Structure formats: C-alpha cells, structure tokens
Amino acid sequence: MRASTRIAGVLTGLTLALGGAALIAPAAHADVTACINQVERELRGGEAPDYVRMACYVGLTGDNAQCVAGLTPGGVTNGTAVSACRVAPD
C-alpha cells in the first residue's frame, strides 16, 4: 500500500470521527430542552422557573427519581414530571 493512500485513508477516518462527534454533542442540550418544554406546556406560565431547569439537568444524568423529586414540589404533576424526566437522558 502506498504511503499517500494510507495517509488519505487515515485523514478520511479522522474527518468522519470528528464529524460524528460534532453531530452527537448538541443532542444533550436538545434533550434538556425537551424536558423543559414538557413542563412549560403544563405550567402555561411562560419560561420555566430555575427549579425546572435544574431538575431537567439532573434528569440528563439519568437520575430520574431525583429529577421527578425536583419537579413535583413546584406544582408539576407526577405524570408530567415522569414523562419529562424520561426524555432528558435520551
């Protein structure tokens, strides 16, 4: 195998790997946004309060129980909290 062919193959692989990482990275933010949006639809009070944002970020880590516990004291129904926390880590 020629050196130029090998270098081209390595550069192509590197480009694909870095491009894939760039496409995956924004997904975490979108999931937190989906969690917040579900709660905002129920609250119908405009922008979500800070406790909603914090609970959804906790849900991003996969700790659904803590996420739900952070949402329900603020008036979010249990069903909405469970649903919103479920979409956070996806």
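This report describes the helices, the nonpolar core and the disulfides of a predicted model.

**Overall layout**

The chain has 90 residues, of which 22% count as buried. Its secondary structure consists of five helices and zero strands, and along the sequence the pattern reads α-α-α-α-α. Among contacts with a separation of 6 or more, 51% are between residues 24 or more positions apart.

**The nonpolar core**

The largest nonpolar core has 16 residues, and the members that touch the most other members are Ile36, Val39, Val52, Cys56 and Leu71. At least two residues of this core come from each of H2 (27-43), H3, H4 (64-71) and H5 (78-87). H2 gives the most, with four residues.

Two of the residues named above, Val52 and Cys56, can be followed further. Valine 52 is part of helix H3. Is valine 52 buried or exposed? Its relative accessible area is 0%, which is under the 20% limit, so valine 52 is buried. Apart from neighbours within four places in sequence, valine 52 is in contact with Ile36, Val39, Leu43 and Leu71. Leucine 71 stands 19 residues from valine 52 in sequence, and their C-alpha atoms are 6.0 Å apart in space.

With neighbours within four places in sequence again set aside, cysteine 56 is in contact with Val32, Cys35, Ile36, Cys67 and Ala88. Ile36 therefore appears in the contact lists of both valine 52 and cysteine 56.

**Helix H3 and its packing against H4**

Helix H3 covers residues 50-60, and its buried residues are Val52, Ala55, Cys56 and Gly59. Viewed down the axis of H3, these buried residues fall within an arc of 100°, so they line one face of the helix. The exposed residues Asp50 and Met54 are on the face of H3 turned away from the buried side. After H3 comes glycine 62, with a positive phi near 100°.

Two packed helices are described by the angle between their axes and the distance between the axes. For H3 and H4 the angle is about 170° and the axes are 8 Å apart. Angles over 145 degrees count as roughly antiparallel, and H3 and H4 are therefore roughly antiparallel to each other. On the H3 side the contact is made by Tyr51, Val52, Ala55, Cys56, Val58 and Gly59. H4 contributes Asn64, Gln66, Cys67, Gly70 and Leu71 to this contact. The H3 side thus includes Val52, Ala55, Cys56 and Gly59, the residues that are buried in H3.

**Helix H5**

In H5 the buried residues are Thr80, Ala81, Ala84 and Cys85. They fall within an arc of 125° when seen down the axis of H5, so they line one face of the helix. Gly79 and Arg86 are exposed and sit on the face of H5 turned away from its buried side.

**Disulfides**

A disulfide is a covalent bond between the sulfur atoms of two cysteines. How many disulfides does the structure hold? There are two, and with the bonded cysteines numbered in sequence order the pairing is 1-2, 3-4. The values for each link are listed below.

| Disulfide | Sulfur atoms apart | Angle about the S-S bond |
|---|---|---|
| Cysteine 35 and cysteine 56 | 2.0 Å | -75° |
| Cysteine 67 and cysteine 85 | 1.9 Å | -85° |

The link of cysteine 35 and cysteine 56 is left-handed. This pair links distant parts of the chain, with cysteine 35 in helix H2 and cysteine 56 in helix H3, 21 residues apart. Both cysteine 35 and cysteine 56 are buried.

The link of cysteine 67 and cysteine 85 is also left-handed. Cysteine 67 is in helix H4 and cysteine 85 in helix H5, so the pair ties together parts that are 18 residues apart in sequence. Cysteine 67 and cysteine 85 are buried as well.

Cysteine 56 recurs in this account: it is bonded to cysteine 35, it is in contact with Cys67, and it is among the H3 residues that make the contact with H4.

Methods: Residues numbered from 1 in each chain as written. Predicted model: local features only at pLDDT ≥ 70, side-chain atom pairs only at ≥ 80, totals over all residues. Heavy atoms only, no water. Buried < 20%, exposed > 50% of the residue type's maximum accessible area, 1.4 Å probe, protein only. Arc of directions from axis to C-beta. Core = buried A, V, L, I, M, F, W, Y, C linked by side-chain atoms within 4.5 Å. Contact = heavy atoms within 4.5 Å. Disulfide = S-S within 2.5 Å. Axes fitted to C-alpha atoms, helices over the stretch in contact; angles between N-to-C directions. Parallel < 35°, antiparallel > 145°, perpendicular 65-115°, else oblique.
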